[in-house]
Amino acid sequence: MKTKFYFFHGYGSGINSSKFIMLKEHFGESFEMKNEVWRLNDNIGKILSRVYDELEYEENPILFGDSTGANFAYQLREQRLNKGKKTILIMSAPLLDFSKRISKMEFDENIQQYLIKITQPNNAMLIIPTRDEVLDQSMFLAKNNFKNLKILTLNDTHRLQKLKEGVGIEEIKKYIAEHSK
C-alpha cells in the first residue's frame with residue numbers, strides 16, 4: 001500500500017493547481033496523491049477533520065501545503081502530533097502568520113477565520129521564495145534558530161515557478177526519504 005501524499009493548495013488555486021500537477025508528475029508513482037480542494041465559502045475545520053479521519057490509520061503520511069494551504073497542513077500535522085502520530089510536513093511559500101502579508105490583494109474573511117498564527121514552525125521542510133511579493137518571509141531567510149526545520153530557499157516569487165520547473169525536487173525527495181524511516 002502506498003503512502004498517502006495530501007496537497008493543500010493556496011488561495012486562488014484549486015483542482016487545477018499547477019504545483020499539484022507538478023508534484024504528481026514527480027511523486028505519483030511512489031505515493032497515493034490527493035489534491036485537497038477547498039473553496040472560499042468552505043468550513044475548513046470540517047475539511048481538516050475529514051482529512052484527519054482519512055489519515056487516522058496512516059503511519060507517516062505526507063502533507064504538502066502551499067501558501068494558505070501550508071497553514072491548514074500545519075494545523076492537521078499538529079492534530080496528528082497531539083495524538084502521537086507521525087507526519088511528514090512540507091510547506092512552500094507558507095502563510096503562517098496573516099500579519100506577514102504584504103500583498104494588498106483582498107483576502108476572504110471566511111478563510112481568515114481558519115488561519116492560525118504560527119511563529120515557531122518546527123519539524124518540517126519549508127520552501128521559501130527569496131522574492132516573495134505576497135508574504136514577508138524574512139524570518140525564514142534570516143535562518144533563525146528553528147527546531148528541526150529544513151529551509152530550502154529559491155530565488156523566485158510567491159508562485160514558485162522554479163519549483164514547478166523541477167528546481168528543488170531532489171531536495172524534497174531527500175527530505176521525504178530521511179523522514180520516512
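Author: Ala, Val, Leu, Ile, Met, Phe, Trp, Tyr, Cys and Pro count here as nonpolar, Asp, Glu, Lys and Arg as charged, and the others, Gly among them, as polar. By that division, the lining of the largest cavity has six nonpolar, one polar and three charged residues. The structure is a predicted model, in which local features need pLDDT of at least 70 and side-chain atom pairs count only at pLDDT 80 or more, while totals for chains, interfaces and linings use all residues. Residues are numbered from 1 along each chain as its sequence is written, and side-chain values use heavy atoms, with hydrogens and water left out.

Reader: What makes the space with about 70 Å³ a cavity?

Author: On a 1 Å grid over the protein atoms alone, a cavity is a set of points where a 1.4 Å probe fits but cannot get out, whereas a pocket is an open set with protein on both sides within 12 Å along at least five of seven lines; lining residues have an atom within 4 Å of a point. Grid points are joined across faces, edges and corners, and the volume is the space filled by probe spheres set on them. A search of the whole structure finds one cavity of 30 Å³ or more. Its lining consists of Pro94, Leu96, Asp97, Lys100, Ile118, Leu135, Asp136, Gln137, Met139 and Phe140.

Reader: What is the volume of the largest pocket, and which residues are closest to its centre?

Author: The largest pocket holds about 380 Å³ of space. Of its 22 lining residues, Gly10, Tyr11, Asp66, His158 and Arg159 are the closest to the centre. By class, that lining has seven nonpolar, nine polar and six charged residues.

Reader: Which elements give two or more residues to the lining of the second largest pocket?

Author: They are α3, β4 (88-92) and α7, where helices (H or I, at least four residues) and strands (E, at least two) are DSSP runs numbered from the N terminus. The second largest pocket has a volume of about 200 Å³, and its lining includes Arg77, Leu81, Ile88, Leu89, Tyr175 and His179. The lining divides into four nonpolar, four polar and three charged residues.

Reader: Why is arginine 77 called buried?

Author: Buried means under 20% relative accessible area, exposed over 50%, and partly exposed in between (1.4 Å probe, protein chains only). Arginine 77 has 3% relative accessibility and therefore counts as buried. This residue of helix α3 is in contact (heavy atoms within 4.5 Å) with Leu63, Thr87, Leu89, Asn122 and Asn123, leaving aside neighbours within four places in sequence.

Reader: How do you know that threonine 68 is buried or exposed?

Author: Its relative accessibility is 1%, so threonine 68 counts as buried. Threonine 68 lies in helix α3 (residues 68-82). Among the residues that threonine 68 touches beyond four places in sequence are His9, Trp38, Leu95 and Phe107.

Reader: What is notable about phi of serine 67 and of leucine 160?

Author: Most residues other than glycine have a negative phi. Serine 67 has a positive phi, near 55°, and leucine 160 has a positive phi near 50°. Serine 67 is in the loop between β3 (62-66) and α3, and leucine 160 is in the loop between β6 (149-154) and α6 (161-164). Serine 67 counts as buried because its relative accessibility is 8%; leucine 160 counts as buried at 0%.

Reader: Why are the buried residues of helix α7 placed on the same side or on opposite sides?

Author: The buried residues of α7 (residues 169-179) are Ile169, Ile172, Tyr175 and Ile176. They cover an arc of only 120° around the axis, so they are on the same side of α7; the arc is that of the directions from the helix axis to the C-beta atoms. Glu170 and Lys174 are exposed on the other side of α7. An α-helix has 3.6 residues a turn, so residues three or four places apart point the same way.

Reader: What makes the chain as compact as a globular protein of its length?

Author: The chain has seven helices and six strands. Its radius of gyration is 15 Å, close to the 16 Å that the globule rule gives for 181 residues, so the chain is as compact as a globular protein of that length. The radius is taken over C-alpha atoms, and the rule is 2.2 Å times the number of residues to the power 0.38. The C-alpha trace spans about 45 × 35 × 35 Å along its principal axes, and buried residues make up 51% of the 181 residues.
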